[in-house]
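Welcome! Take a look at the model below, then try the exercises one at a time before reading each solution.

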Amino acid sequence: MREARPSSSAGREQQLEPQRCGPAPQQQQTQEATQRVSLHYGAAQLDAFLEAVYARRVRITPGSVGWLMEMGGYLECPLITSACCQYLRSALAPPSCVDVLLMAHQYHCGQLRRDALSFLCARLPSLLQSEWRPSLARLPRELLVELLGSEELVVES
């Protein structure tokens with residue numbers, strides 16, 4: 001998968017508003033019912049995530065946006081997911097638009113998904129004639145049907 005990149009090549013640091021992560025207090029399990037969970041993240045990733053949560057600062061780069069989105073969703077920290085969505089929105093360009101749409105779809109980011117679909121609808125004819133045409137084949141059937149059925153789709157007659 002090609003990395004989604006923002007307009008500048010460097011990562012971007014964002015200040016985050018204070019927010020509690022994890023399930024609501026009424027959903028928390030008692031200590032006896034707690035289960036051990038294995039995370040497939042490295043120590044550096046977990047450290048960066050915890051710093052983002054506690055210091056309310058996150059540095060998002062093309063190499064970190066995917067695992068930050070995944071970890072933010074898994075650990076129920078919508079502020080991290082939201083910061084990643086903002087980063088991906090800034091990465092909407094012909095080379096990355098399919099990757100952005102796929103990530104938005106995978107991580108249930110509704111507004112980013114709509115923005116990426118609109119971007120694709122407005123540029124589909126030119127994308128079909130460009131070097132990025134093969135990336136469109138990676139879209140699942142559901143997204144292709146939505147894209148081709150959209151009233152925003154610009155078709156030259």
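## Starting at Leu120

Leaving aside neighbours within four places in sequence, Leu120 is in contact (heavy atoms within 4.5 Å) with Cys97, Val98, Leu101, Leu127, Leu136 and Leu147.

Before you go on, note that this is a predicted model, where local features need pLDDT of at least 70 and side-chain atom pairs count only at pLDDT 80 or more, while totals for chains, interfaces and linings use all residues. Residues are numbered from 1 along each chain as its sequence is written, and side-chain values use heavy atoms, with hydrogens and water left out.

## Exercise 1: the core

Find the residues with the most contacts inside the largest nonpolar core, and say which elements contribute to this core.

**Solution.**
- Step 1. Recall the term: a nonpolar core is a set of buried Ala, Val, Leu, Ile, Met, Phe, Trp, Tyr and Cys residues joined through side-chain atoms within 4.5 Å. Buried means under 20% relative accessible area, exposed over 50%, and partly exposed in between (1.4 Å probe, protein chains only).
- Step 2. The largest such core has 40 residues, and those with the most contacts inside it are Ile60, Val65, Leu68, Met69, Leu88, Leu120 and Leu139.
- Step 3. Two or more residues each come from helix H1 (43-55), strand E2 (57-60), helix H2 (65-74), helix H3 (78-90), helix H4 (97-106), helix H5 (110-128) and helix H7 (141-149). Helices (H or I, at least four residues) and strands (E, at least two) are DSSP runs, numbered from the N terminus.
- Step 4. H5 gives the most, with 8 residues.
- Step 5. The core lies between domain 1 (41-91) and domain 2 (94-156), because both give residues to it; the domain bounds come from an automatic or database domain assignment.

## Exercise 2: an enclosed helix

Why is H4 described as largely enclosed by the rest of the structure?

**Solution.**
- Step 1. Count the buried residues: 8 of the 10 in H4 are buried, so the helix is largely enclosed.
- Step 2. Name them: Cys97, Val98, Asp99, Val100, Leu101, Leu102, Met103 and Ala104.
- Step 3. Look for the cover, which includes H2, H3, H5, helix H6 (133-136) and H7.
- Step 4. Move past the end of H4 to His108, whose phi is positive, near 60 degrees.

## Exercise 3: two helices side by side

At what angle do the axes of H3 and H5 cross, and which residues meet?

**Solution.**
- Step 1. Axes are lines fitted to C-alpha atoms, for helices over the stretch in contact, and angles run from 0 to 180 degrees between N-to-C directions.
- Step 2. The axes of H3 and H5 come within 10 Å and cross at roughly 10 degrees.
- Step 3. That makes H3 roughly parallel to H5 (under 35 degrees; over 145 is roughly antiparallel, 65 to 115 roughly perpendicular, and the rest oblique).
- Step 4. Where they meet, Cys85, Leu88 and Arg89 of H3 face Gln111, Leu112 and Asp115 of H5.

## Exercise 4: a residue after H7

Is Val154 buried or partly exposed, and what does it touch?

**Solution.**
- Step 1. Find Val154 in the segment after H7.
- Step 2. Its relative accessibility is 40%, so Val154 counts as partly exposed.
- Step 3. Not counting residues up to four places away in sequence, Val154 touches Cys121, Ala122 and Pro125. Of these, Cys121 counts as buried, at 2% relative accessibility.
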